[in-house]
Structures are given as C-alpha cells and as structure tokens.
Amino acid sequence: MVEAAATSLASILVLGLGFSIAAYVYHKSYKHIVLQKMSNAFEPGDPVLDLAAIGKNIPLSKTAAATHWIPRPEQDIVDDIVAGKEVGHYHLFIGEKGTGKSSMLLEAMRKIDGDGVAMFEAHADLEIFRIRVGKALDYEFHEDYIGGYFSERGPRDTTALLDIERALNKLEKVALKRRAKIGRPLVLIINQMHLIRDDEDGKDLIELLQQRAEQWAASNLVTMVFNSDDYWVYERLKQLATRMEVLSITDLPKNLATAALKNYRQRYFGEDLSNETLEHIYDRVGGRLNFLNRVAKSNDMLAMCDEIKQVEKTWFLNQCWILGEEMDDDVMDQQKWAAAAVVLATALVDKETIMEAAGSSTYDPVAGHVLPSYALHEAQQIMTRADFVRALDRLNLFSITKDAQVRASSVPMHLAFREIVAQPGFREHLQATIDRIAAIESLGRTRELVAKDLVLGGHYEIRRAEKGKGVDVKLVMPEPEEDGEEKDE
C-alpha cells in the first residue's frame with residue numbers, strides 16, 4: 001500500500017517536473033523566436049517595396065530614372081534618413097497631398113532594398129493601427145502563445161494602445177542587438193499620420209509614438225519618420241518636440257517641373273514639346289507631382305489641365321457653396337462654415353490683385369507660381385472663426401504650410417477661386433448669405449416677453465425704493481366694471 005502510494009507520488013512529481021521544464025523551455029523559446037522574427041522584419045527586402053512595384057507594373061531592378069521620372073531636390077536628404085546616416089533626430093515630412101512624400105520614401109527604401117527599414121500606413125481605428133504595427137514588425141502580440149490557454153487573463157486581454165506599447169518594447173530590444181552588430185539605427189516609417197483622429201485616443205497614440213521617437217533619437221536606436229498631409233499633426237508634435245526635424249515637401253519649381261515633363265514626353269511618346277506648351281501646362285497645374293503625372297500620360301495634355309482644374313473647382317463648390325438670402329435656418333451651422341471658407345478664398349484672390357497692383361510678383365520666371373497667402377492668425381481673423389481652418393486643410397481645400405501660412409491647396413484650386421470670385425453677382429450673393437446668417441443668429445438671441453397684466457389693462461408703477469436701495473415695482477389694475485343691473489339702478 002505504502003509502496004504503491006510512493007510510486008504514484010513519484011510518478012506525479014516526475015510528470016510535474018517534466019511539464020514544468022517543458023513549459024519553461026517553450027516560454028523561453030517563444031520569447032527568443034518573437035525577437036528573431038522582429039529582427040527578420042528589418043532584413044533586406046520589404047513587402048512595401050514589392051507592393052509598390054506591383055502597383056507600378058515595374059520590376060525592382062529598374063533604375064530610379066525609370067521608376068520615378070521626376071527627381072525631387074529633397075531626395076538626397078531622404079536617402080540619408082532612410083539609410084540610417086542621419087542620427088540623433090526623428091523627422092516629420094509635411095506637405096500637400098500629391099507632392100511626392102511617399103514616393104521619395106519608397107525610392108530611398110528601394111536604393112537600400114529596405115535593409116533596416118519598416119514602413120506601414122496609419123489608420124484612424126486603433127485596433128487596425130495595432131494590426132498594421134504587428135504586420136510591419138512581424139509581431140503577433142502573443143496571439144499565438146499557447147500559455148494563454150492556461151491563464152485566467154490572457155496577454156491579449158488588453159487595449160490596442162497597450163499592445164502598441166508592448167510591440168515598441170520588443171522593437172527596442174531588437175534595436176539594441178542590431179546597433180551592437182551593425183552600428184546604425186533602425187528606421188520606422190509611419191505614413192499618412194493625418195489619418196489618426198484628432199481626439200483623445202488619437203492624441204494618446206501620437207504622444208506614445210513621440211515619446212518613443214524622442215527616447216530612441218537620443219540613444220541612436222531607432223529613427224522614426226512621420227509622414228503627414230495636414231498641419232494639425234505638426235501642431236500636436238511641436239508641443240513636446242525637442243529632437244524633431246521638419247522637412248516641408250512643396251510643389252516642384254517651374255524649371256524642374258517643365259524639364260521633367262519635357263523629358264518624359266520625349267522618352268515615352270517621342271514628342272518634343274515647345275517651351276510655349278510647357279509654359280501653358282505649368283501655368284494651369286503648377287508643380288504638383290500627381291497633376292504632372294496625369295498630364296504627362298494624357299494624349300491631350302491641355303484638356304487634362306482643364307479637367308484637373310474643373311475637378312478642384314467642383315470639389316470646392318460641393319463642400320463650401322453658399323445658399324444666399326433664401327437659405328433655411330436649419331442649414332445655418334453648415335453655411336457658417338461654408339461662408340467662412342468662401343470669404344477666405346475671396347480674400348486670397350483680392351490679395352493677389354493687391355500684390356500685382358503694388359508691383360509684387362505672383363509669378364517667378366524660375367520658381368514659378370507664388371500663391372498669395374495669409375498667416376494662420378490672419379486667416380482666422382478673416383474667417384472670424386479659429387476652428388474652421390484646420391478642417392478646411394483636412395479637406396484639401398486650403399493648405400497650411402510649415403510656416404503657418406494659409407493658401408489655396410494647389411495652383412488649380414487657386415485658379416478655381418479666381419473663376420468663382422469673378423462670377424457676376426458673386427460678392428452680392430456672398431454678402432446676402434452673411435446677412436442672412438447674421439439675421440438668423442439675431443433671431444436666436446432675441447426673446448419675446450409678454451406681460452399679461454398689461455394686456456388686461458393694468459400698468460406698473462416703478463419707484464425708487466426707500467433709502468435709495470433698488471426699486472419698487474407695483475402693479476395697478478383697473479377697477480372692475482359693475483354689472484348691468486347695478487348700472488340701471
């Protein structure tokens with residue numbers, strides 16, 4: 001009996017010890033594999049490059065001239081950042097949509113075959129953002145950890161923000177090992193930062209990312225690159241920034257844009273464009289890369305320029321057109337926003353006229369268009385609202401530059417502003433809308449008080465109270481009339 005019990009106890013101990021050792025080995029192996037997988041995510045070759053090549057229908061072995069036919073003057077700076085040569089800072093790329101920010105980053109990654117670089121797209125939903133971080137870093141957030149089945153509270157029983165923090169902790173360990181081995185920092189690129197919502201969750205996420213960026217920049221572990229179309233991201237990062245470098249990506253100057261367009265048409269269409277044609281194209285679309293790309297591939301380039309301007313004009317009118325003095329009071333809130341946008345567009349067109357009258361050039365022979373602009377605080381004063389400009393920037397109707405200058409989002413958009421303001425009766429229509437908004441607001445602030453006692457024939461006697469403290473109000477009602485029978489007697 002005792003011998004059987006001892007045998008059973010020994011068997012249980014051996015099994016328990018065996019399971020414990022196996023669990024410990026699994027746990028240690030799992031943690032090692034997690035770090036190894038994340039390290040492999042920074043090895044040469046990157047899915048982002050593969051997807052970019054498939055999207056452009058080109059092999060990765062092509063030269064930069066064939067891949068990106070418009071050279072950017074900032075490409076050398078971007079190359080040094082992505083290659084890990086620029087250390088001690090993290091970077092914010094800011095510029096309007098279509099200026100070539102993402103293309104420059106992809107080109108810089110292509111030159112080094114993505115060695116030491118990871119890139120992913122931001123998203124407004126934190127859960128999707130978490131998944132994209134995991135995909136870029138090859139991190140599963142312990143979702144494949146078997147030990148979670150034996151835990152009452154699993155490792156994934158948490159929030160997306162905490163998961164992102166855990167992923168960055170793992171990345172820090174990988175960066176420490178890689179720096180000791182290679183001697184240069186990793187590069188983590190977060191594209192389209194403007195898609196993050198400007199709310200409390202979004203602010204917490206940006207603060208978390210910026211804290212890591214500051215810490216890693218100081219220790220040369222990881223260089224983080226934020227890419228944004230909108231100004232509000234810069235405002236949010238500037239509050240805590242000490243090691244942030246801002247690179248403003250703007251439209252190409254005239255000489256580079258026209259030269260690139262001429263070379264492209266000559267190479268792929270066998271067409272030698274005249275300087276006059278190049279001037280006409282640049283005058284209509286400016287140096288915006290996505291516009292030049294569409295024009296260069298079009299059979300009728302001038303017609304494509306007109307189409308681009310019409311699309312921009314339609315977008316502005318659909319978002320901001322004013323309804324005049326006949327508008328219903330139910331749409332007043334939207335019309336206040338629309339009227340403010342139209343007032344700012346009118347002010348920009350008027351400023352251009354003033355600049356030309358004063359002899360200030362709005363067109364440089366080398367640099368090209370010089371769009372009129374107002375400082376951000378002046379634009380807010382013109383609109384009489386401080387909260388509208390950033391929303392208009394998000395809609396790509398206006399643009400706020402790194403230097404806090406507000407102007408049209410593009411050259412075609414400014415040309416659309418000119419056409420809108422030049423319409424017959426436009427200014428009267430705008431003033432009628434403003435007057436109607438003021439009248440509705442005035443009605444909203446007016447309250448009608450009806451004194452029933454006065455309707456019944458009474459009156460109030462108002463006298464200064466005794467000792468001069470306050471006033472006394474006394475109601476005096478007329479005496480009631482006697483009945484008809486009493487009057488007859």
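**Close-up 1. A negative patch on the surface of the predicted model.** Five acidic residues make up this patch: D199, E200, D201, D204 and E207. Take E200 as an example: you'll find E200 in helix α8, which covers residues 200-219. Is E200 buried or exposed? Its relative accessible area is 55%, and because anything over 50% counts as exposed, E200 is exposed.

**Close-up 2. A nonpolar patch on the surface.** Here the side chains to look for are Y460, I462, V471, V473, L475 and M477, and together they have about 560 Å² of accessible area. Two elements, β11 (459-464) and β12 (471-476), each give two or more residues to the nonpolar patch. Which of them gives the largest share? That's β12, with three residues. I462 sits in strand β11, and with 60% relative accessibility I462 counts as exposed.

**Close-up 3. A salt bridge between distant parts of the chain.** The model has 26 salt bridges, and one of them pairs R407 with E96. Their closest N and O atoms are 2.8 Å apart. R407 belongs to strand β10 (residues 405-408), while E96 is in the loop between β1 (90-94) and α5 (101-111), so you have to count 311 residues along the chain to get from one to the other. Both partners, R407 and E96, are buried.

**Close-up 4. D163 and its two salt-bridge partners, R130 and R166.** With R130, the closest N and O atoms are 3.6 Å apart. D163 lies in helix α7 (residues 160-182) and R130 in helix α6 (residues 126-137), so this pair ties together parts that are 33 residues apart in sequence. With R166, the closest N and O atoms are 3.5 Å apart. R166 and D163 are both in helix α7, three residues apart, which means about one helical turn separates them. An α-helix has 3.6 residues a turn, so residues three or four places apart point the same way. R166 is partly exposed at 34% relative accessible area, whereas D163 is buried at 2%.

**Close-up 5. Helices α13 and α14, end to end.** Helix α13 (residues 301-320) has 20 residues and should span 28 Å; its end C-alpha atoms are 29 Å apart, which agrees. Among the buried residues of α13 are M301, I308, K309, E312 and F316. Helix α14 (residues 332-357) has 26 residues and reaches 36 Å from first C-alpha to last, close to the expected 38 Å. Just after α14, look for G359, which takes a positive phi of about 90°.

Terms used
Residues numbered from 1 in each chain as written. Predicted model: local features only at pLDDT ≥ 70, side-chain atom pairs only at ≥ 80, totals over all residues. Heavy atoms only, no water. Patch = residues over 30% accessible without salt bridge, like charges linked within 9 Å, V, L, I, M, F, W, Y side chains within 5 Å. Areas by Shrake-Rupley, 256 points an atom, 1.4 Å probe, with all protein chains shown as cover. Salt bridge = Lys/Arg side-chain N within 4 Å of Asp/Glu carboxyl O. Lys, Arg positive; Asp, Glu negative; His and termini not counted. Charge placed at Lys NZ, Arg CZ, Asp CG, Glu CD. Helix = DSSP H or I, 4+ residues; strand = E, 2+ residues; numbered from the N terminus. Buried < 20%, exposed > 50% of the residue type's maximum accessible area, 1.4 Å probe, protein only. Expected span 1.5 Å × (residues − 1).
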